[in-house]
Amino acid sequence: MSRPIAALVVCFAMGLGGRLPAQQPGTVPAPASIIGFEPGTDSMLADWGQITRYFAALASASPRVRVDTLGPTTLGRPLLLVTVTSPTHQAQLAALRAGQRRLADPRGLTARALDSLRRHQPAVVLIGHNIHSTEIASSLSSMELAYRLVTEPTLARLLDSLVVLLVPSLNPDGLDTTVAWYRRYRGTRYEGGPLPWLYHPYVGHDNNRDWYMLTQMETRLVTRVLYREWFPEIVYDVHQMGSDGVRLFVPPFADPVNPNLDPALVAATSAVGSAMAAALYDAGLSGIAQRRRYDLWWHGGFRTVPARHNMIGILSEAASARLASPAHILPDSLEQPPRGVDALVPWPGGTWRIGDIMTYQRIAADAVLRYAATSRSELITRFVELGRRAVAAGLAGDPFAYALPPADDPGAQATLANALLAAGIEISRAQDAFVADGRTYPAGTLVILMAQPFRAHVKDLLEPQHYPDPGGSRTPYDIAGWTLPLTMGVPADAIRASFTANLVRVDTVAVPPGRIVGAGDVFLLRNRAAAESRAVAALLGAGQHVAWTDSAVVGWGPRARAILADLAARDGFDVYAAPAAPAGLRGMRQRLPRIALYQPYTASIDEGWTRWVFEQYGISYATVHDGDMRRGELRRRFDVVVLPSLSARQLDAGRDSVTVPAAYAGGLGSAGGDALSVFVRDGGTLVCLNASSDFAISRLKLPVSNVLATDAQTQQVSRFLAAGSILGVAFRRPGGGGRVSSPVLVGIPDSLGVFFEGGAAFEAQPPAQALGWYAPEPLRSGFARNPDVVAGRAAAVDIAVGRGRVVLFGFRPQFRGQTHGTLRLLFNAVLLAAP
């Protein structure tokens, strides 16, 4: 809940907010007075309840601090935004937000208005802490920083020129999960060890990969602050990394630089990082590194999406301790770069504590805030100029607009459009047909005119990426290609020339309601949209009949019409009624398959995304762990088992009992592998995603090989590299052949873009049947070295084994909840290919 702020009558000084002296430490609560220990003390962590109580107490005691609840997290905890600024600015927050909006969108901003804003508007810095919950020191640093901003005179004076927005934890659910785990095993051999489960309920570490897709509650809430409410000039993302390298990374970032980033923004980002490094060296600290690993190519993180909104995105990565326990690091085990301009003073090794992390974070944060305060006018001027350049580039036609005509999957198009709208992008809808670049577009086409300040965000998401070959074995920091029209199956045409159309701005995009077409009590679904799988699951869940042909899913039963009419209207797909079932029905069933989703104790992000996707589409499942699998009798309990993307070693061995308690140690082992083999031979369906295919090939002795597996054709493996890219897959046999008849392919078009990361390319022998093949020139977006290694190889395989079957996907059909275009492959495999 927001705390009301009373208006304060104070003097103006130096053209900005009136100054009040810093508050004496005794007049406001220090963190230790609320949480019960000094932040940075060995073996002590604060949970979310303690942190929220501290900020409430600080806000009650200081006119410089305001606490707002942005909304509930995934598990219902309050997500806080703490605003720290001068009392004068606190009384003017609405006006300051309006000023930031004018700076972010300078269309119509007059020179006189800009001059006034330069004189009076504070710079805005947003600092996000603890998005990755095991990187936990920053949750404590957030309290310390707020306290010092209020009580230290040199910092309090900065607040006349700054609004500081603090998010104490971007993942409070994970914070509490991590703290509870640490406290539970403190004082044991497992103190400070890894968690056996994800620290975000669904996406774990990928919560910092969700900042353009906005699938999770936390990213949606903070995105509203970034691009609807505050528009900060600087966004600072505070992280930790492994223990055995440098002590702190700060910008400049590494190459390559994304071509959609303005050079002035890149240079300003480097300048802030250099100020941070200078402050750290001034304090006599060592182990600082720059231009290491973290690049300016990737889109999707808390610091990289703001960069596409003309904001300086800053990242720091501190070396980790063992959560709150000290780490003892021998000099010989350190992996540091040689001394040079980007790493001037190596760290000598020794004991590394959570208090050390906080020291580095404190100096780095102070440097960012001092830079922002002293460069306030420069930040404002650049922010406006970057927006103006973006508008001018759009008017110049590079491109002039994007057109999104009606799609086969209207839900996917709406998801894409609404994610863009939430990120501050302007979208219009054509009221009439129009012609652009020689093509006629129908009424209802969505149009994104590119003469808008956040142009880089749109362009980078809709165009193909061309990642420069890094040479050697170096790979992109995260992924190389992410073109959403390709992965979502949503057409988006770049229009180069200006055109005339009757356009109306939209605030949200809803799918047009679908309907039942025709007469009869047998219903055909073309299965062109992912939401149609929700309808299939609903029919089976209600005990209705479902079967399939090569071109449709067919349903009937006493409740079928009502179920389909409701879902068609809600989700925007049409259903075709017929008086009788078509010829050639196969796979008839009348209940929802009993689906088991394997959840290892290795905190699998791919498992979490699979779980999330199933829930979004109403596909019921049961979570099973190692013990459930090893006990056997899987066929008696389940029809389908899904293995998320895990290496054969991870599946087989799991974690060692040295690092986690025995209850969470080990993997499937030989007993689990044997149980899966029996399950399939007794009539079950095993679905393997991406890397888990290797486990099934080996354990079940399938007549399939993965030519990219490390133990096969090593010469070719050394030639091939495609790190996080989009590859083309054809679902017609190579050489102009026809399609394979398979329930997995019902409704799937002849070609798709699939997301490839650590995937597989198969060679299959009978009775294995390839379902799709990598295209002769497979790369669609990103980077691929020697793509001929996978060209023409199978991308997905269906193998009959005993009375059951195994479906292998050599890619991630549900990657990060983004790949709407390939979701139906997974859904078909679990709903239609089940016994």
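How many positive and negative side chains does the chain have, and how far apart do the centres of the two sets lie? There are 79 positive and 69 negative side chains, and the two centres are 3 Å apart. These values, like those that follow, come from a predicted model.

The overall dimensions come next. The chain has 835 residues and a radius of gyration of 28 Å, which agrees with the value near 28 Å that a compact globule of this length would have. Along the principal axes, the C-alpha atoms fill a box of roughly 85 × 70 × 50 Å. The accessible surface of the chain is about 29200 Å², and carbon and sulfur atoms account for 53% of that surface. Of the 835 residues, 62% are buried. The secondary structure consists of 26 helices and 36 strands. Among contacts between residues at least 6 apart in sequence, 80% join residues at least 24 apart.

One place to enter the structure is helix α10, residues 263-282, which contains Val266. Val266 has a relative accessible area of 18%, and it counts as buried because this value is under the 20% cut-off. Leaving aside neighbours within four places in sequence, Val266 is in contact with Val257, Leu261 and Leu296. Ala307 lies 41 residues from Val266 along the chain, and the C-alpha atoms of these two residues are separated by 8.8 Å.

Further along the chain is strand β13, residues 401-404, which is covered on both faces. Ala401 and Ala403 are buried on one side, and Tyr402 and Leu404 are buried on the other. Strand β13 pairs with two strands described here. With β17, residues 446-449, the pairing is antiparallel and extends over four bridges; within it, Tyr402 stands opposite Ile448. With β18, residues 493-495, the pairing is again antiparallel, over three bridges, and here Ala403 stands opposite Asp493.

Strands β13 and β17 also take part in the surroundings of helix α15. This helix, residues 455-462, is mostly covered, with eight of its eight residues buried. The buried set includes the charged residues Arg455, Lys459 and Asp460, and it also holds Ala456, His457, Val458, Leu461 and Leu462. What do the buried residues of α15 pack against? They pack against the strands β13 and β17 and against the helices α11 (304-307), α13 (376-395), α14 (410-422) and α16 (484-488).

A second covered helix is α17, residues 531-541. Nine of its eleven residues are buried, so the helix is largely enclosed by the rest of the structure. The buried residues are Ala531, Glu532, Ser533, Arg534, Ala535, Val536, Ala537, Leu539 and Leu540. Gly543 follows the helix and has a positive phi, near 75°.

The next element to consider is an open sheet of six strands. Its order is β20-β24-β21-β23-β22-β25, and its pairing is mixed. Which strands form the edges? They are β20 (516-517) and β25 (586-589), each of which pairs on one side only.

Within this sheet, β22 (residues 545-548) can be followed to its two partners. Strand β23, residues 553-556, is joined to β22 by four bridges, and these two strands run antiparallel. A hairpin of four residues links β22 to β23, and Trp548 stands opposite Val553 in this pair. The other partner is the edge strand β25, which runs antiparallel to β22 and is joined to it by two bridges. There, Val546 stands opposite Arg589, while Trp548 stands opposite Arg586. Trp548 thus has Val553 of β23 as one opposite residue and Arg586 of β25 as another.

The last site is Asp574, in the loop between α18 (560-571) and β24 (575-578). Is Asp574 buried, exposed or partly exposed? Asp574 is partly exposed, because its relative accessible area of 30% falls between the cut-offs of 20% and 50%. Outside its neighbours within four places in sequence, Asp574 is in contact with Gly514, Arg515 and Val517. Of these residues, Val517 belongs to the edge strand β20. Arg515 and Asp574 are 59 residues apart along the chain, yet their C-alpha atoms are separated by 5.0 Å.

Methods
Residues are numbered from 1 along each chain as its sequence is written. Side-chain values use heavy atoms; hydrogens and water are left out. The radius of gyration is taken over C-alpha atoms; the globule rule is 2.2 Å times the number of residues to the power 0.38. Buried means under 20% relative accessible area, exposed over 50%, partly exposed in between (1.4 Å probe, protein chains only). Contact means heavy atoms within 4.5 Å. Accessible areas come from the Shrake-Rupley method with a 1.4 Å probe; for residues, only the protein chains shown count as cover. The place of a charge is taken as NZ of Lys, CZ of Arg, CG of Asp or CD of Glu. Two strands pair if DSSP finds at least two bridges between them.
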